[in-house]
Amino acid sequence: MEKTKLTVAVTGLNNTDNPGPGVPVIRSLRESSFFDVRIIGLAYENLEPGIYMKDIVDKAYLIPYPSSGQDALMNRIREINERENVDVLIPNFDAELYTFMKSEKQLEEIGIRSFLPTLQQFEERHKTNLPAFGEKYDIKVPASKAITSHRDIASLRDDFEYPVLVKGKFYDAYLAYNEEQVNMHYNKISAKWGLPIIIQEFIKGTEVNVVALGDGEGNTIGAVPMRKQYITDKGKAWGGITLSDEKMLDITRKLIRNTRWRGGMELEMIKTINNEYYMIKINPRIPAWVYLAVGAGQNIPEALLKLALGMDVTPFTKYQTGKMFIRYSYDLIGDIGNFEKISVLGEL
Amino acid sequence: MKLRKNIAISESGFVFDASTGDSFSLNEPGKEIMELMARGSTNEEITKWITSRYDINQESFERYLEDFTGMLRQYQLLEPDDDFPGSTDS
């Protein structure tokens with residue numbers, strides 16, 4: 001069967017010790033038996049490793065941060081599209097999703113399709129809204145509270161027992177055993193990610209994750225559970241293994257059915273010693289470890305591409321348990337000329 | 001006592017719990033004991049088998065077996081066992 005040729009733009013090329021999902025998403029698409037993809041890498045920084053990985057991106061462009069405004073970002077996307085004729089865009093950063101979701105119609109007008117959660121789905125699963133989300137969809141979540149001032153810290157002892165988790169709006173989470181430590185983490189996180197800061201009940205157990213894809217109609221197209229086996233000092237998985245856990249899959253299917261989730265997602269849960277599952281975070285995008293799911297038999301990025309193109313997708317029904325991934329670091333040798341091109345011309 | 005389903009024991013004595021991702025390494029007698037448990041053998045049958053193959057008396061082995069099963073319970077590798085008062089699997 002001849003493969004369908006497609007041009008796909010992908011962000012999240014920061015394949016660092018805090019890896020973005022871009023490179024694993026691209027690897028998954030390159031292994032598609034259905035699509036023959038030309039990959040346009042979209043990067044925010046000129047040292048994102050994916051830019052320089054020749055087998056990964058065919059062409060890379062710098063784009064402005066979403067904080068520069070929706071117009072600036074969309075103008076740049078239009079400019080790139082005029083040259084590359086992009087069919088599908090897969091954004092991979094939490095911080096850029098809002099802008100791309102708001103621009104979905106504009107993107108469609110210029111022929112670029114995407115498959116993203118709705119604004120309502122994106123907003124209601126936010127860390128700050130997790131307790132209400134848990135109640136609405138009957139999912140266990142740890143008690144949490146969003147705070148916006150140092151003054152709120154003293155009263156935390158009325159609602160929480162120490163230790164508590166101190167979390168940023170988008171990223172970062174630290175365990176605090178007393179008020180002083182909450183203060184310290186509050187300052188550190190708010191300086192980096194702004195307010196609010198989320199204080200969350202600490203649930204003791206094992207962290208387990210699921211990568212999943214919803215079709216927007218309530219159907220789960222794919223879902224693979226994983227446990228991190230090797231965690232970096234940033235809390236990122238450097239190694240992991242697929243699990244056989246029907247309860248995790250039930251929770252995932254129920255959540256996708258009830259929210260009619262549209263797009264990729266990552267569920268982060270804590271499994272307690274009593275085999276209870278607490279949802280601690282819902283990431284509204286494909287995670288950086290998605291290539292493990294591909295290795296286990298579910299090419300979730302390929303299925304997402306099909307959904308974006310409006311094709312019928314048969315849900316995956318199985319995956320291999322005990323599949324493992326181990327990340328590694330690798331030195332790419334580049335030339336100053338390439339760095340010059342991406343820095344000065346904004347493309348490579 | 002019964003091993004939980006989803007526990008795989010390989011020829012080399014490598015044990016994999018597919019529901020948690022945990023893995024363990026066993027020596028030869030440990031592997032034999034777990035294989036017997038997987039087949040549903042009773043403590044008496046396991047004791048008889050091991051004492052017939054290894055140089056160990058029944059009393060000593062029963063003590064070791066109790067330690068070993070305690071460890072399996074701790075790692076949640078056994079099905080809940082109502083007869084065992086200290087079970088944490090329930």
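Two strands pair if DSSP finds at least two bridges between them; strands (E, at least two residues) and helices (H or I, at least four) are DSSP runs, numbered from the N terminus. The views show a predicted model, in which local features need pLDDT of at least 70 and side-chain atom pairs count only at pLDDT 80 or more, while totals for chains, interfaces and linings use all residues. Residues are numbered from 1 along each chain as its sequence is written, chains are lettered from A and ligands numbered from 1 in the order in which they are written, and side-chain values use heavy atoms, with hydrogens and water left out.

**View 1. Hairpins of chain B.** Strand β1(B), residues 7–9, is joined to strand β2(B), residues 14–17, by 3 bridges, and the two run antiparallel. I9(B) has V15(B) as its bridge partner in β2(B). Between these strands the hairpin has 4 residues, and G13(B) takes a positive phi near 90 degrees. Strand β3(B), residues 23–25, pairs with β2(B) over 3 bridges, in the antiparallel sense. Here V15(B) stands opposite F24(B). This second hairpin has 5 residues between β2(B) and β3(B), with G21(B) in the turn at a positive phi of about 85 degrees.

**View 2. Sheet of chain B and the helix packed on it.** The order β1-β2-β3 describes an open sheet of 3 strands in chain B, with antiparallel pairing. β1(B) and β3(B) are the edge strands, each pairing on one side only. From one strand to the next, the twist averages 15 degrees (axes are lines fitted to C-alpha atoms, for helices over the stretch in contact, and angles run from 0 to 180 degrees between N-to-C directions). The bridge partner of I7(B) in β2(B) is D17(B). Helix α1(B), residues 28–38, packs on the sheet and touches β1 and β2 of chain B (contact means heavy atoms within 4.5 Å). The direction of α1(B) makes about 135 degrees with that of β1(B).

**View 3. Strand β1(A) and its two partners.** Of the 7 residues of β1(A), residues 4–10, 5 are buried (under 20% relative accessible area; exposed is over 50% and partly exposed lies in between, with a 1.4 Å probe and protein chains only). β1(A) runs parallel to β2(A), residues 35–43, and 7 bridges join the two. The path from β1(A) to β2(A) passes through helix α1(A), residues 22–30, in a right-handed β-α-β crossover (clockwise from the first strand over the helix to the second, with the strands pointing away from the viewer). L6(A) has V37(A) as its bridge partner in β2(A). A9(A) is bridged to I40(A) in β2(A) and to L89(A) in β4(A). β4(A), residues 88–90, also runs parallel to β1(A), with 3 bridges joining them.

**View 4. Parallel sheet of chain A.** Four strands of chain A form an open sheet in the order β3-β2-β1-β4, with parallel pairing. β3(A), residues 59–62, and β4(A) stand at the edges with a single partner strand each, so one side of each has no neighbour in the sheet. Neighbouring strands are turned by 25 degrees against each other on average, direction ignored. Helix α1(A) lies across β1, β2 and β4 of chain A and runs at about 165 degrees to β2(A).

**View 5. Largest cavity.** The search of the whole structure finds 3 cavities of 30 Å³ or more. A cavity is a set of points, on a 1 Å grid over the protein atoms alone, where a 1.4 Å probe fits but cannot get out, and its lining residues have an atom within 4 Å of a point. Points are joined across faces, edges and corners, and the volume is the space filled by probe spheres set on them. The largest cavity holds about 100 Å³. Its lining has 14 residues, of which P91(A), F115(A), L116(A), G264(A) and L304(A) lie nearest the centre. β4(A) and β12(A), residues 262–271, each supply at least two residues of this lining.

**View 6. Surroundings of F115(A).** F115(A) lies in the loop between α4(A), residues 104–109, and α5(A), residues 119–124. F115(A) counts as buried because its relative accessibility is 8%. Leaving aside residues up to four places away in sequence, F115(A) touches E104(A), G214(A), D215(A), R262(A), G263(A), L304(A), L307(A) and A308(A). F115(A) and A308(A) are 193 residues apart in sequence, with 4.9 Å between their C-alpha atoms.

Technical notes. 1 Å grid on protein atoms, 1.4 Å probe; cavity = no way out; pocket = protein on both sides within 12 Å on 5 of 7 lines; lining within 4 Å.
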